Amino acid sequence: MLNKNGTRELVYITKIDEIKPITGRDRVECAVVGGWTVMVRKDELKAGDYAVYFEIDSKLPECAPFEFLAAKHYKIKTQRYKTPDGPFYSQGLIMPFKDFVDASGRVPAWLAEINARIASGEDVTHTFLTEALGVTYADPADNARKAKSVDKYTKMTQRHPELFKRSWAKWMMRRSWGRKVLFVLFGKKKGKKNGWPVGKFPGVAKTDQERVENMTWVLNDKTPFIVTQKCDGSSGTYILEKKRFGYEFYVCSRHVRMVNENQDCFYSTNYYWEVAKKYDIENKMKDWLKKNPKATFVCWQGEICGPNIQKNPQHLSHTHFFCFHWTDSINGRLDIREAAKLWKNYQMAVVPIVGTVVFPDTLEELKEAADGTYDSSVCEGNTNCKREGLVYYKTTEPTFSFKNVSREYLMNH
């Protein structure tokens, strides 16, 4: 679930929407939270109860009360179970409050605060606990690329894993002054110069999108939505700003502006600048601004895919950039179909546009639609690459979009 800053939270308080049986299973049942279905112990929870929900992709601390996850390396992934009615998908982990109270009856501070708020009549649904419980992404790569919940020192060690395996670095990290010294040397401060330009360009935002499971109410909207295939890589943002004397070019990863191609980033290769040069993005944007003199900026956002990026599910032999957002100071966010026509003039590839759809009445029908394979145009001709899922854009409001991730894809990633 995304917080108000558009950053994903992995853990939060939820209220159980429904409890229903799982055919062929006597000791467990299904708890429904929004669009998520989760296997839980029978008779442990009922509809209306508060509980703690851990989303898929989470890694929990290796301590109480999570020892039961040791065999799974404390990771929460999509699980598929066979039943007489077909496959049952359990996505996430739900734990009742009582599981966090130790044998001596001690209640952790965060839970005591939650209980006090509930006692006062407050609805605590969607209280985020990612940081309080020390939960990170299950994939170390995602912690370096996405996570905002870990502190600056943890991020520093994730950026330089080999360095911080050394005994002297470990010795310094155990001391407050040592951590500060190391951060000066290796911390990569995010100052104004290389900060992501949040709020600087109207309509331009980071590309994280909410999952449909967290917004099931959208099924009631029968406005046609544009459907695109979701490429799986690393998001890149490119902005060219017209200034009084010349232009300023912004090259950004998910959270950081890459001031130059030598700037340290998660990947050993700075793919963000590689793409900028490979596709000559700055000059193409400059051409558009010159042809549209009233415009003060133009922004292209898309997915960088290729070898060594997100396990390369599209089986690519070299780096590609697939556009999905065009935003400029005159038009705001363009309908992706209109943007695709403009990108074609600049020989830029676009994520596959499937067509338009009116949503079905059930989430299960929508989830099944996410399964399938990528269009060969984004797989260098390959026709059997399983796709990550679909993205939906409202035809009457191009800035409103969400993703529908394939459960079959998640079983293998």
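**Exercise 1. In which helix is V181 found, and which surface feature does this residue belong to?**

Solution. The model used throughout these exercises is a predicted one. Start with the secondary structure: V181 is found in helix α5, which covers residues 176-186. Next, consider the exposure of the residue: V181 has a relative accessible area of 36%, and because buried means under 20% and exposed over 50%, this residue is partly exposed. Finally, look at the surface around it, where W171, W177, V181, V184 and L185 form a nonpolar patch with about 540 Å² of accessible area together. Helix α5 gives the most to this patch, with four residues.

**Exercise 2. Describe the largest nonpolar core, and follow the contacts of F249.**

Solution. The largest nonpolar core holds 47 residues, of which Y238, F249, I281, W300, F321 and M348 touch the most other members. The elements that give two or more residues to this core are the strands β12 (234-243), β13 (246-252), β14 (297-305), β15 (320-328) and β18 (389-394), together with the helices α6 (271-278), α7 (281-291) and α8 (336-345). To see one member in detail, take F249: leaving aside residues up to four places away in sequence, F249 touches Y238, I239, L240, R257, W273, A276, I281, E282 and M285. A second core, separate from this one, has 23 residues, including V52, F54, F97 and L129.

**Exercise 3. Identify the buried residues of α6 and state what covers them.**

Solution. The buried residues of α6 are Y271, Y272, W273, V275 and A276. Their cover includes the strands β12, β13, β14 and β15 as well as helix α7. Continuing along the chain, α6 is followed by D280, whose phi is positive, near 55 degrees. In helix α7 lies N283, which is partly exposed at 43% relative accessibility. The C-alpha atoms of N283 and L240 are separated by 9.3 Å, although these residues are 43 places apart along the chain.

**Exercise 4. Explain why the rings of Y392 and F402 count as a stacked pair, and place both residues in the chain.**

Solution. A search of the whole structure finds 26 aromatic pairs. In the pair formed by Y392 and F402, the ring centres are 5.1 Å apart and the planes meet at 15 degrees; since planes under 30 degrees apart count as stacked, this pair is stacked. Y392 lies in strand β18 and F402 in strand β19 (residues 397-405), so the pair ties together parts that are 10 residues apart in sequence. Both rings belong to buried residues, for Y392 has a relative accessibility of 1% and F402 one of 0%. The two residues also take part in one aromatic cluster, together with W217, F225, F359 and F400.

**Exercise 5. Compare the settings of two salt bridges, R80 with E408 and R254 with D208.**

Solution. In the structure as a whole, the count of salt bridges comes to 25. In the R80 and E408 bridge, the closest N and O atoms are 2.8 Å apart. This bridge links distant parts of the chain, with R80 in strand β7 and E408 in helix α10 (residues 407-410), 328 residues apart. R80 is partly exposed at 40% relative accessibility, and E408 is partly exposed at 22%.

In the R254 and D208 bridge, the closest N and O atoms are 2.2 Å apart. This pair also links distant parts of the chain, since R254 is in the loop between β13 and α6 and D208 in the loop between α5 and β11, 46 residues apart. R254 is buried at 12% relative accessibility, whereas D208 is partly exposed at 23%.

**Exercise 6. Where do D57 and N308 lie, and is each one buried or exposed?**

Solution. D57 is found in the loop between β5 (50-54) and β6, and its phi is positive, about 85 degrees, although D57 is not a glycine. With a relative accessible area of 15%, D57 is buried. N308 lies in the loop between β14 and β15 and likewise has a positive phi, near 70 degrees. N308, however, is exposed, with a relative accessible area of 65%.

Conventions. Residues numbered from 1 in each chain as written. Predicted model: local features only at pLDDT ≥ 70, side-chain atom pairs only at ≥ 80, totals over all residues. Heavy atoms only, no water. Patch = residues over 30% accessible without salt bridge, like charges linked within 9 Å, V, L, I, M, F, W, Y side chains within 5 Å. Areas by Shrake-Rupley, 256 points an atom, 1.4 Å probe, with all protein chains shown as cover. Salt bridge = Lys/Arg side-chain N within 4 Å of Asp/Glu carboxyl O. Buried < 20%, exposed > 50% of the residue type's maximum accessible area, 1.4 Å probe, protein only. Core = buried A, V, L, I, M, F, W, Y, C linked by side-chain atoms within 4.5 Å. Contact = heavy atoms within 4.5 Å. Phe/Tyr/Trp six-rings, centres within 6.5 Å; stacked < 30°, edge-to-face > 60°.
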